[in-house]
Amino acid sequence: MDAIVKNFPQAVESDRPSQKEAEDAVRVLLRWAGDDPQREGLLDTPARVAKAYRELFSGYDLNPEDVLGRTFEEVAGYDDIVLVRDIPFYSHCEHHMVPIIGKAHVAYLPNGRVLGLSKIARVIEIFGRRLQTQEAMTAQIANAIDDTLRPRGVAVMIDAEHMCMAMRGVQKQGSTTLTTTFTGAFKADPSEQVRFMSMVRGR
């Protein structure tokens, strides 16, 4: 079954709570956790948390189409797999707002145009810096590249550890989750999937 991928519109600044409201919310959480926001060590914590959240969730302010817009056509006829593997990322689980830490591997089959390699890493960063599920993030990366570049196919694999399993709940440290998404030739031809997997795991 194909993944359902939500469209995340860019945030409208006027819809956001103010910096003061965000800091007040952090103070409420500190009190709820059982601490005193007025003690010396926590006085600057609300401002620090609000600033950190701006950075950690900056993906809502960015559009992957803007990043993927510039492509190159002078590729000397190259039309085989382009793979960028072991791209580290940090995201946050949308259910518990705790970290997801992992690596992404992204490949595509060019159709006359190629991307700058850093653009692939930037797309992962955009989707990673939003509240996520790993399944949705995998599909979002593939669809963004597929829709913008129009290659013959895209393959995405994500291998990540979820702190909602490691830090809380079942508390199983070290277990990872693997997800894949394929489009175009990668989806239609199992041999291309095998080639992608072999290249990802090859050292």
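**Exercise 1. State the strand order and the pairing of the open sheet of five strands.**

Solution. The open sheet of five strands follows the order β5-β2-β3-β6-β7, and its pairing is mixed. Strands here are DSSP runs of E with at least two residues, helices are runs of H or I with at least four residues, and both are numbered from the N terminus. Two strands are taken as paired if DSSP finds at least two bridges between them. At the edges stand β5 (131-132) and β7 (177-183), each of which pairs on one side only.

The model is predicted: local features need pLDDT of at least 70, side-chain atom pairs count only at pLDDT 80 or more, and totals for chains, interfaces and linings use all residues. Residues are numbered from 1 along each chain as its sequence is written, and side-chain values use heavy atoms, with hydrogens and water left out.

**Exercise 2. Follow the sheet from β5 to β7 and describe each pairing.**

Solution.
- Step 1: β2 and β5 run parallel and are joined by two bridges. Cys93 lies opposite Gln132 of β5.
- Step 2: β2 (residues 82-93) and β3 (residues 99-109) run antiparallel, with nine bridges between them. Val84 has Val106 of β3 as its bridge partner, and His92 lies opposite Pro99 in β3.
- Step 3: The hairpin of β2 and β3 has five residues between the strands, and there Met97 adopts a positive phi near 60 degrees.
- Step 4: β3 and β6 are antiparallel and share 10 bridges. Ile101 has Glu161 of β6 as its bridge partner.
- Step 5: β6 and β7 are also joined in antiparallel fashion, by seven bridges. Ile158 faces Thr179 of β7.

**Exercise 3. Identify the strands that helix α5 touches, and explain why β6 is described as largely enclosed.**

Solution.
- Step 1: Helix α5 (residues 134-149) packs on the sheet and touches β2, β3, β5, β6 (153-162) and β7. A contact means heavy atoms within 4.5 Å.
- Step 2: The direction of α5 makes about 155 degrees with that of β6. Axes are lines fitted to C-alpha atoms, for helices over the stretch in contact, and angles run from 0 to 180 degrees between N-to-C directions.
- Step 3: β6 is largely enclosed by the rest of the structure because eight of its 10 residues are buried. Buried means under 20% relative accessible area, exposed over 50%, and partly exposed in between, with a 1.4 Å probe and protein chains only.

**Exercise 4. Are Met167 and Gly174 buried or exposed?**

Solution.
- Step 1: Met167 belongs to the loop between α6 (163-166) and β7. Gly174 is found in the loop between α6 and β7.
- Step 2: Met167 is exposed because its relative accessible area is 55%. Gly174 counts as exposed because its relative accessibility is 54%.
- Step 3: Met167 and Val98, 69 residues apart in sequence, have C-alpha atoms 8.8 Å apart. For Gly174 and Val200, 26 residues apart along the chain, the C-alpha separation is 20 Å.

**Exercise 5. Place the sheet within the whole protein chain.**

Solution.
- Step 1: The protein chain has eight helices and seven strands.
- Step 2: Its C-alpha atoms fill a box of roughly 65 × 40 × 30 Å along the principal axes.
- Step 3: Of its 203 residues, 37% count as buried.
- Step 4: Among contacts between residues at least 6 apart in sequence, 69% join residues at least 24 apart.
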